[in-house]
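Student: Please take a close look at the charged side-chain contacts here, and follow one partner through its surroundings. Keep it brisk.

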Amino acid sequence: MTLFLIITAALAALVAALLGVALVRGRRDTRAGEAFDLQIYRDQLREVERDRKRGVIAEAEAERLSTEISRRLLAADARAGAAGDASGQPKRLALSTAILIGAFVLGGAFALYATLGAPGYGDLGLKTRIAEAETARETRPRQAEAEEQVPEGEDASPETTAEYRELVQRLRGAVAERPDDLQGFVLLARSEAALGNYRAAYQAQRRIIELKGDEATAEDYADLGDMMVLAAGGYVSPEAEDVFDAALARDPEQGVARYYAGLSYAQTGRPDRAFRIWDALLRESAAGDPWVDPVLQQIDTMARRAGVNDYTPPTPEAGRALPGPSAGDVEAAGEMTPEARDQMIRGMVSGLAERLASEGGSADEWGRLIFAYARLGEAERAMSIFAEAQEVFAGDDAALRTIREAAQGAGIGQ
């Protein structure tokens, strides 16, 4: 490192010195041009003298030409003398400018390096960088360490009411009394996640996988890993990575697990692997997949860090996750007898209805609301929402088709 600083300082000083010398000694030397003019005039005088002796021109004409050429010769000689005596630029100004330029070159170079470079950091070859990245992966913080850096507490969405939070509390008590209630834990995991209690959410999701045993799906494992990452503030811990590996072992195409696999490499100094994983994922994803938008936000940076400077990512229209209960949520709720669970689902549906009424939403969200009310046995309310949705999307054939399909699926369509 010391040798590097010495060499760069010497090079910067040399450049500054050359610029300074050019300024101090800088002048426009015009003597060569004046000397050329003098030689021309002397040659012309000799030609006139030869022509006069040969009788080509008259004596009077020769005298006139000699006088004119001599006058020009004297003027050119005077100009040559003036150019030789010229002092060029003012020495004091030139010297001051040279010092300022030298200071700017030296100071600017080291200021730039201090900002953009890595003082004290030695040069790293490719093999060394890869080895250090692998060491970083092996020694990175565990899940518990990462969670300690993230404050725990509910971070409920604006639609979440105090009544909803109380229902979640009652659900916690219910599953504590029935530790083998699979559907109870399914609803608890999603409810805790909705409140921002990701640690409790992934504990419930882990219990879901235990209860399902060999029937646990890749999505079950991906959901568990996702909640673990959220609990760790966006960090992919070794434990979370193991969970995503389990998801990919069951389904190599599982999108959430593939996204977080790339993020894990991005966080541990392997942008080349992160870029390859995300690029392949984008090319195989459909518009609306939840991982598309976060990948598009980061893949350009990964490409540059991986040395791919002319990368153009595919840009499918990224959909957004639809809030509110899914068809699976409502079907699961239909199998649950406790009153608390029914109230909870109704609260979720009401929250979605209020948001659509006040803020609007997509056709998919309106269709989801229609389906939810129909499955809860509120056919009249579902019909009312269906009619309202048709008014909201009047003239939009694609949206109306989506809404009609949802209504037909719920058994109320025409």
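Tutor: Start with arginine 72 and glutamate 68: they form a salt bridge, with 3.1 Å between the closest N and O atoms. Keep in mind that this is a predicted model. Both residues sit in helix 3, which spans residues 59–85. They are four residues apart, so about one helical turn separates them. Arginine 72 is partly exposed, at 40% relative accessibility. Glutamate 68 is also partly exposed, with a relative accessible area of 28%.

That is one bridge within one helix. The count for the structure comes to 20 salt bridges. In general, side chains of opposite charge can pair when their charged atoms come close.

Now the pair to examine closely. Glutamate 241 and arginine 140 meet through their side chains in a salt bridge, at 2.2 Å from N to O. Glutamate 241 belongs to helix 11, residues 238–250, while arginine 140 sits in the loop between helix 5 (126–139) and helix 6 (143–148). The pair therefore ties together parts that lie 101 residues apart in sequence. Glutamate 241 has 17% relative accessibility. The cut-off for buried is under 20%, so glutamate 241 counts as buried. Arginine 140 is buried as well, with a relative accessible area of 9%.

For contrast, take a bridge with an exposed partner. Aspartate 180 and arginine 207 join their side chains in a salt bridge of 2.8 Å, N to O. Aspartate 180 is in the loop between helix 7 (162–177) and helix 8 (182–195), and arginine 207 is in helix 9, residues 198–212. This pair ties together parts that are 27 residues apart in sequence. Aspartate 180 is exposed, with a relative accessible area of 58%. Arginine 207, at 24% relative accessibility, is partly exposed. Elsewhere, salt bridges share partners: Glu49, Arg52 and Glu59 are joined into one network this way.

Back to arginine 140, in its loop between helix 5 and helix 6. What surrounds this buried residue? Leave out residues up to four places away in sequence, and arginine 140 touches Tyr235, Val236, Ser237, Pro238, Glu241, Ser264 and Thr268. Two of these contacts deserve a closer view. The side chains of arginine 140 and glutamate 241 make a polar contact of 2.2 Å. A polar atom of the arginine 140 side chain also lies 3.5 Å from the backbone oxygen of valine 236. The cut-off for a polar contact is within 3.5 Å.

Helix 11, which holds glutamate 241, leads on to the ring pairs. A search of the whole structure finds four aromatic pairs. One of them is phenylalanine 244 with tyrosine 260, 4.8 Å centre to centre. The angle between their planes is 15°, and the pair is stacked. Phenylalanine 244 is in helix 11 and tyrosine 260 is in helix 12, residues 255–267. They are 16 residues apart, and the pair links distant parts of the chain. Phenylalanine 244 is buried, at 2% relative accessibility. Tyrosine 260 is buried too, at 9%. Ring pairs also extend beyond these two residues: Phe244, Tyr259, Tyr260 and Trp278 are linked into a cluster.

To sum up helix 11: glutamate 241 reaches the loop residue arginine 140 through a salt bridge, and phenylalanine 244 stacks with tyrosine 260 of helix 12.

Note on methods:
Residues are numbered from 1 along each chain as its sequence is written. This is a predicted model: local features need pLDDT of at least 70, side-chain atom pairs count only at pLDDT 80 or more; totals for chains, interfaces and linings use all residues. Side-chain values use heavy atoms; hydrogens and water are left out. A salt bridge is a side-chain nitrogen of Lys or Arg within 4 Å of a carboxyl oxygen of Asp or Glu. Helices (H or I, at least four residues) and strands (E, at least two) are DSSP runs, numbered from the N terminus. Buried means under 20% relative accessible area, exposed over 50%, partly exposed in between (1.4 Å probe, protein chains only). A polar contact is a pair of N or O atoms within 3.5 Å; within protein, one must be able to donate a hydrogen and the other to accept it, and residues adjacent in sequence count only if both atoms are side-chain atoms. Contact means heavy atoms within 4.5 Å. Rings of Phe, Tyr and Trp (its six-membered ring) pair if their centres lie within 6.5 Å; planes under 30 degrees apart count as stacked, over 60 as edge-to-face and the rest as tilted.
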